[in-house]
Amino acid sequence: MITLPRPEVAAPRRLRARDLRRPLRRTLREWACELPLLVAALVSIFTTVGIVAVLAAETLAFFRLVPLGQFLTDTQWTPLFLEKHFGIVVLLSGTLLTTAIAMLVALPLGLLSAIYLSEYARPGVRRVLKPVLEILAGIPTVVYGYFALLFVTPLLQALIPGLAVFNALSAGIVMGIMILPLVSSMSEDAMAAVPRALREGAYALGATRFEVATQIVVPAALSGIVAAFILAVSRAIGETMIVAIAAGLSPTLTLNPLVPIETMTAYIVQVSQGDTPQGTLEYRTIFAVGTTLFMLTLALNIVSQWVLDRFREEYQ
Amino acid sequence: MSPPAASYSAPHLMRRRLRGRLFEWLALASTVVAIVVLALLLLDVLHDGLPRLSWSFLTNYPSRLAARAGIAPALVGSVALIVLTAALALPTGIAAAVWLEEYARRSWLTRVIEVNIANLAGVPSIIYGLLGLGLFVRALNLQRSLLAGALTMALLVLPIIILNTREALRAVPRSQREAAYALGATRSQVVWGVVVPAALPGIFTGIILALSRAIGETAPLIVVGAVAFIAFLPTSPLDPFTVLPIQIFNWVSRPQPAFHANAAAAILVLLVVLLSLNATAIVLRDRARRSLRW
């Protein structure tokens, strides 16, 4: 018999949990890689905290001198005059007026163009129209302001005698054009998410293209369309340069679109440009107005998101 | 078989088709409004601004005389502001997106950060101006400087960069990551060696979109305190500054038509800068689509 020599190998020791763990140094290195990334992600939280803190501090200082009741009920806004009034309603009415006009332009045109792009346009037409809308969305608002004041207003003055140089009408119309691409692209996205099968089912029942678009696709995409509308309102309320250039800087409590008004955003620009000393009451008004603006737009953005989440039709 | 229902009879169908045709024309007309307005806007600005455009317009300083006024400080200010903004916002934005997409586990913290970024994207730009005024100009005592403006702009474009970068990272297929892990790469090697390079074209597109937003912004910089009348070029980040949109705003706000022509000419310069940036974005996007085949 030949006996093979047993190989001199030590018996393997039992594997312990410790051996499966990653070496400490490697774990540390990975952690050192992750930490800066986490800090970067937290910058967004600090931004929100910063916005709320800055607005709250200055606004509280403002309300220590001007009672909240007066801020909400006074019907004049004259912080820069000798006899001071702080009725936010005046600026709110200006914002409301320009926003309403902008929506009258942006919502129907935006929805119709979304229906056209989603349901009617051939691919070649789409390839031309989509970039045009994207360009329109990318034009700086100060350029729209120029267009409103120096092109649209003179044009409207030829049609409407008595139209003031600064007015809510032309600012509102141009703002509507500016917001149109947002409404159109968000609504179109919502319509694109409606499954083909729904459309084909309706066609199979003998519906025309028009009936499919208005009775099947639009209702099915309604949550997305409503969310787009609400976001558009929020965008219009926060829009600054068009109204600062073309709508005027005269706070007036009116719903007449033909006379100069002032919006909340335009007021902030007006005071920022002037030489009002920092720390004065006049100066603090811009933060009080900013807080009002911030709360309004935040509420609308949250409602828009809620509509999207709550009423989304889940297909498949 | 019973005859078709009354509503599907021929004359009815004709009426329904006619209504559909009318609606189609209406919808097309609504879409064409956008093109018409864009064309009118461009023609108007070209008509008013082109005669005023010259080399001296680009190199002159602001002046009380419209014919002598130029945009040199505004142009230099815009470029300096964008470079600073990019230097601040790009690393932060990309890092935040990488953390959210590649590192973060589903936790309340992740959820809070995501909701927060979505909300920040909807905050009006002028509110960022108030933040910059309270935080950078006053609390950090940077005064009305280029740096204060750039910090404000960086916070403003951060949500756009984060959202676009996440989108680009998400488009990199799982298999790429898994292959790298299978070769023994650590997480940071996978992220920085495989995923981010693969997503780079998409990230670039998002960056360019964010920066073109920053170039056109006016309101937050007015609040932060950029001034329109500057007779020198900024030499350090702590100098006062102006930018093209503010120069345009200043000229539009004057009553004299000669200054309106200046504004139109400055708008042309601004639009050319924006157009070339966006053209770059489109080229990059197309190249990315062609070269990436998974």
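**Reading a helical chain and its partner**

Student: How much of the contact in chain A is long-range in sequence?

Tutor: In this predicted model, 74% of the contacts in chain A with a separation of 6 or more are between residues 24 or more positions apart.

Student: Which secondary structure elements does chain A have?

Tutor: Elements are counted as helices and strands. Chain A has 13 helices and zero strands, so its order from the N terminus is α-α-α-α-α-α-α-α-α-α-α-α-α.

Student: How does the radius of gyration of chain A stand against the globule rule?

Tutor: The rule gives a value from the number of residues. For the 316 residues of chain A it gives 20 Å, and the radius of gyration is 29 Å, well over that, so chain A is more spread out than a compact globule. The C-alpha trace spans about 125 × 65 × 35 Å along its principal axes. Of the 316 residues, 45% are buried.

Student: How many residues does each chain bring to the contact between chain A and chain B?

Tutor: Chain A brings 66 residues and chain B brings 64. On the side of chain A, helix 2 (residues 24-65) gives the most, with 19 residues. By class, that side has 42 nonpolar, 19 polar and five charged residues.

Student: Where do the domains of chain B lie in its sequence?

Tutor: The domain assignment places domain 1 at 6-52 and domain 2 at 57-291. Their C-alpha centres are 35 Å apart. Six residues of domain 1 of chain B are in contact with eight residues of domain 2 of chain B. The domain 1 side of this contact has three nonpolar, one polar and two charged residues.

Terms used
Residues are numbered from 1 along each chain as its sequence is written. Chains are lettered from A and ligands numbered from 1 in the order in which they are written. This is a predicted model: local features need pLDDT of at least 70, side-chain atom pairs count only at pLDDT 80 or more; totals for chains, interfaces and linings use all residues. Helices (H or I, at least four residues) and strands (E, at least two) are DSSP runs, numbered from the N terminus. The radius of gyration is taken over C-alpha atoms; the globule rule is 2.2 Å times the number of residues to the power 0.38. A residue is buried if 20 or more other C-beta atoms lie within 10 Å of its own, exposed if 12 or fewer, and partly exposed in between; C-beta atoms are placed from the backbone. Two residues are in contact if their C-beta atoms, placed from the backbone, lie within 7 Å. Ala, Val, Leu, Ile, Met, Phe, Trp, Tyr, Cys and Pro count as nonpolar, Asp, Glu, Lys and Arg as charged, and the others, Gly among them, as polar. Domain bounds come from an automatic or database domain assignment.
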